[in-house]
Amino acid sequence: MNFRLIVFLALFFSVRGFGQQTDTLIFYSEAFKGERSIYVKTPEQYKYGSESVRLPVIYVLDGQHEWFVNPVLNDIEYLQYTHEMPQAIIVVIPLTDRIQECGIDSLEAILPLHTFITEEINEEIKRYHPGNYRVIVGHSFSASFALYSYLHSPEFYSAVMAHSPYDSFEKLVAAMDKNEEIDKSDIFISIGSPTEVKDYNHREKYNELKAKYPSFFKAVNLFEANDSTHNAVPIAADPSFFTKAFFSFSTRFASIAKVDMEYKLVEKPLTVKEEEEKMLKASMLGDYFYAPEIAEINGMASRYLASGFNYHAIRLYETGVKYYPNYYEFYLSLYELLEPIDTKRARQNLEKAELLLQQMEPRTEDNLKLLQEIKEILNKKRW
């Protein structure tokens, strides 16, 4: 029996329907002196991971606007599917009064929203085992706030994405321009069309500041959406911004198990231990360790297998079990590879896969079929 085909079909239907989850968290905010709510979206692989898998966090402001949030979430999901950016915990933050909450009277004053994000939300989401790689995304009024929040806590954020900012824009640019502790490459600013009915006023201010502070605008990441209206700017800019911000993620394993057009390794791999060490050394997101994702492990293992390096694949799947102990497919893969050489370990992995299918996965037709296949094998083998 070819487990891999059955597993693929089962995963395709189950993950798309059941894998992602959005939690509503309601709690008292000392910063706002009242009850606030946020939405925490966890990715498909979250339920499979151990606490050592620390996902990056993306804070999306203006959570009260579906027209803004939904395209951001869709862009993120597609870029994750195409492996341009990592799986992440997404925190959607609705604003009750965006003008009051994001308005900047003084750069020195600490706004309640800043404290709410960097302290209170940060504490609330600890249950999700977040990593230290954090990105904040805002549009228009909340874009200026995102820059302000980054200015106050550059050590907290790894990137800030500000779509078409206007409020206190010059104050923010001037302050960040002279602040030598800020890494300008972590700043992403987009702007819309200069056409009058598009994004004229915001573009005028942007052009003025770009001419006045040339060194700052050369150092940061820009996206000029020359055909986009004000509200369409995030839709145009997000794919470019996220792809650039996470470029090192998408290429981090490029040198491991490289293959040619025939899907064969271009050179003989190092020893199993050395290849594993090389992979773990590359498992970074910025300055932070970020465990290999499920798709990355499967991808590298398949390349080793295609060239007959089964022991390298076994070690990879064992690494996968370490980081994703609730992911049954890794146990099935280990069963197939170990069955000819170590029947005891093969059986242990097959029984673990059966247990996880029963406990963690939906009772779809494909999963029930897979469970039946496993039961038949266990009865037939009589280990």
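# A tour of the chain, starting at helix α13

Begin with α13: its buried residues pack against α11, β10 (288-289), α12 and α14. The model is a predicted one. Select α13 as residues 310-323 and colour the buried positions, which are His312, Ala313, Ile314, Leu316, Tyr317, Thr319, Gly320, Val321 and Tyr323. A distance check on the helix ends is a useful next step. The 14 residues of α13, at 1.5 Å a residue, should span 20 Å, and the end C-alpha atoms are indeed 20 Å apart, so expectation and model agree.

**Whole chain**

Zoom out to the full trace. The chain holds 16 helices and 10 strands, and its C-alpha trace extends about 75 × 50 × 35 Å along the principal axes. Of the 383 residues, 52% are buried. If you draw a contact map and keep contacts between residues at least 6 apart in sequence, 74% of them join residues at least 24 apart.

Switch to a surface view. About 18100 Å² is exposed by the chain, with carbon and sulfur atoms supplying 50% of that area. Colouring by charge picks out 41 positive and 55 negative charges, and the mean positions of the two sets lie 7 Å apart.

**Helix α12**

Go back to the helices and select residues 294-306, which form α12. How far apart are the end C-alpha atoms of α12? The separation is 18 Å, and this agrees with the 18 Å expected of 13 residues at 1.5 Å a residue.

Show side chains for the buried set of α12: Ile294, Glu296, Ile297, Asn298, Gly299, Met300, Ala301, Arg303 and Tyr304. The set includes the charged residues Glu296 and Arg303. To see what covers the buried residues of α12, add α10 (247-250), α11 (272-282), α13 (310-323) and α14 (328-338), which are among the covering elements. Then step past the end of the helix to Gly308, which follows α12 and has a positive phi near 85°.

**Salt bridges**

Side chains of opposite charge can pair when their charged atoms come close. A search of the whole structure returns 17 salt bridges; three are visited here, beginning with Lys210 and Glu224.

Select Lys210 and Glu224, whose side chains meet with an N to O distance of 2.7 Å. Lys210 sits in helix α7 (residues 200-212) and Glu224 in strand β8 (residues 221-224), so this pair, 14 residues apart, links distant parts of the chain. Both partners are partly exposed: the relative accessible area is 33% for Lys210 and 29% for Glu224.

Next, move to α11 and select Glu275 and Lys278. Their closest N and O atoms are 3.4 Å apart, and the two form a salt bridge. Because Glu275 and Lys278 are 3 residues apart in helix α11, about one helical turn separates them. Is Glu275 buried or exposed? Glu275 is buried, since its relative accessible area of 5% falls under the 20% cut-off. Its partner Lys278 is partly exposed, at 29%.

Then select Asp342 and Arg345, a salt bridge whose closest N and O atoms are 3.8 Å apart. Asp342 is partly exposed with a relative accessible area of 25%, and Arg345 is partly exposed at 33%. Extend the selection to Glu276, Arg315 and Glu318: together with Asp342 and Arg345, these residues are joined into one network by salt bridges that share partners.

**Two positive phi values**

Open a Ramachandran plot for the last stops. Most residues other than glycine have a negative phi.

Which loop holds Ser140? Ser140 is in the loop between β5 (130-139) and α5 (141-152). Its phi is positive, near 60°, and the residue is not a glycine. Ser140 counts as buried because its relative accessible area is 12%, under the 20% limit.

Finish at Tyr263, in the loop between α10 and α11. Tyr263 also has a positive phi, about 65°, without being a glycine. Is Tyr263 buried or partly exposed? Its relative accessibility of 36% makes Tyr263 partly exposed.

Notes
Residues are numbered from 1 along each chain as its sequence is written. This is a predicted model: local features need pLDDT of at least 70, side-chain atom pairs count only at pLDDT 80 or more; totals for chains, interfaces and linings use all residues. Side-chain values use heavy atoms; hydrogens and water are left out. Helices (H or I, at least four residues) and strands (E, at least two) are DSSP runs, numbered from the N terminus. Buried means under 20% relative accessible area, exposed over 50%, partly exposed in between (1.4 Å probe, protein chains only). Contact means heavy atoms within 4.5 Å. Accessible areas come from the Shrake-Rupley method with a 1.4 Å probe; for residues, only the protein chains shown count as cover. The place of a charge is taken as NZ of Lys, CZ of Arg, CG of Asp or CD of Glu. The expected span of a helix is 1.5 Å times one less than its number of residues. A salt bridge is a side-chain nitrogen of Lys or Arg within 4 Å of a carboxyl oxygen of Asp or Glu.
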